[in-house]
Amino acid sequence: MIIPNNIDKRRELIINELSKYRNKSINCPCLGNVPIIINAESIDEIAHHAAKSKMSTTAAIRLERCIKKSTFYKMHLPKNNKQKTAFKFIFLYELHSETAYGTSKIMIGVRNNAKFLQYCITII
């Protein structure tokens with residue numbers, strides 16, 4: 001797949017490619033096969049950040065593969081108000097996945113109802 005040079009076109013590509021996951025989940029082996037939910041907010045957040053570079057766009061459109069091949073890196077508390085208020089996360093997992101185009105950083109937020117929500121993916 002050819003990744004566009006234009007950031008707005010990359011954002012559109014990510015949204016179109018990830019729409020098949022909307023309101024579905026992907027089991028994450030490194031977190032004990034818990035289901036990671038992908039919702040409209042997740043897709044918007046991924047598209048916003050991952051569209052900034054071609055490599056992050058590539059990681060985003062391969063989200064399922066990256067989640068399934070990820071390894072635990074660290075866990076931390078929400079760093080900003082959006083993570084706390086808009087997404088209602090009580091803590092976040094940072095996972096890494098080695099790919100041919102670099103190491104992807106996958107952020108998984110956990111809510112107090114024990115739901116795991118895909119938050120962001122970028123190349124570090």
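Arg 11 is partly exposed in this predicted model, with a relative accessibility of 26%. Its partner is Asp 8: the two form a salt bridge, and their closest N and O atoms sit 2.9 Å apart. Asp 8 is partly exposed too, at 44% relative accessibility. Both residues belong to helix H1, and because they are three residues apart there, about one helical turn separates them. As a general point, side chains of opposite charge can pair when their charged atoms come close.

The structure holds three salt bridges. Another one sits in helix H4, which covers residues 63-68. Here the side chains of Glu 64 and Lys 68 meet, with an N to O distance of 3.3 Å. Glu 64 and Lys 68 are four residues apart, which comes to about one turn of the helix. As for their surroundings, Glu 64 is partly exposed, with a relative accessible area of 27%, and Lys 68 is also partly exposed, at 44%.

What about the pair formed by Glu 41 and Arg 111? Their side chains meet in a salt bridge at 3.6 Å, N to O. Glu 41 lies in helix H2 (residues 40-50) and Arg 111 in strand E5 (residues 102-111), so this salt bridge ties together parts of the chain that are 70 residues apart in sequence. Glu 41 is partly exposed, having a relative accessible area of 35%.

Back in H1, there is helix packing to look at. H1 packs against helix H3, which runs over residues 54-61, at an angle of about 10 degrees, and the two axes are 9 Å apart. With angles under 35 degrees counting as roughly parallel, H1 is therefore roughly parallel to H3. Which residues make the contact? On the H1 side they are Arg 10, Leu 13, Ile 14, Glu 17 and Leu 18, and on the H3 side Lys 54, Thr 57, Ala 60 and Ile 61. By character, the residues of this contact divide into five nonpolar, one polar and three charged.

Two loop residues deserve a look for their backbone angles. Most residues other than glycine have a negative phi. Asn 23, however, has a positive phi, near 60 degrees, and is not a glycine. Where does Asn 23 sit? It is found in the loop between H1 and strand E1, the strand at 24-28. Is Asn 23 buried or exposed? Its relative accessible area is 61%, so Asn 23 counts as exposed.

Lys 88 has a positive phi as well, of about 60 degrees, although it is not a glycine either. Lys 88 is placed in the loop between H5 and strand E4, the strand at 89-99. At a relative accessible area of 54%, over the 50% mark for exposed residues, Lys 88 is exposed.

How far can the model be trusted from place to place? The protein chain averages a pLDDT of 92, and 100% of the residues score at least 70. Confidence is highest in helix H1 (residues 7-18), at a mean of 97. Helix H5 (residues 81-86) is where confidence is lowest, at a mean of 76. In general, where pLDDT is low, the predicted coordinates should not be read in detail.

How values were computed
Residues are numbered from 1 along each chain as its sequence is written. This is a predicted model: local features need pLDDT of at least 70, side-chain atom pairs count only at pLDDT 80 or more; totals for chains, interfaces and linings use all residues. Side-chain values use heavy atoms; hydrogens and water are left out. pLDDT is the predictor's confidence in each residue, from 0 to 100. Axes are lines fitted to C-alpha atoms, for helices over the stretch in contact, and angles run from 0 to 180 degrees between N-to-C directions. Angles under 35 degrees count as roughly parallel, over 145 as roughly antiparallel, 65 to 115 as roughly perpendicular and the rest as oblique. Contact means heavy atoms within 4.5 Å. Ala, Val, Leu, Ile, Met, Phe, Trp, Tyr, Cys and Pro count as nonpolar, Asp, Glu, Lys and Arg as charged, and the others, Gly among them, as polar. Buried means under 20% relative accessible area, exposed over 50%, partly exposed in between (1.4 Å probe, protein chains only). A salt bridge is a side-chain nitrogen of Lys or Arg within 4 Å of a carboxyl oxygen of Asp or Glu.
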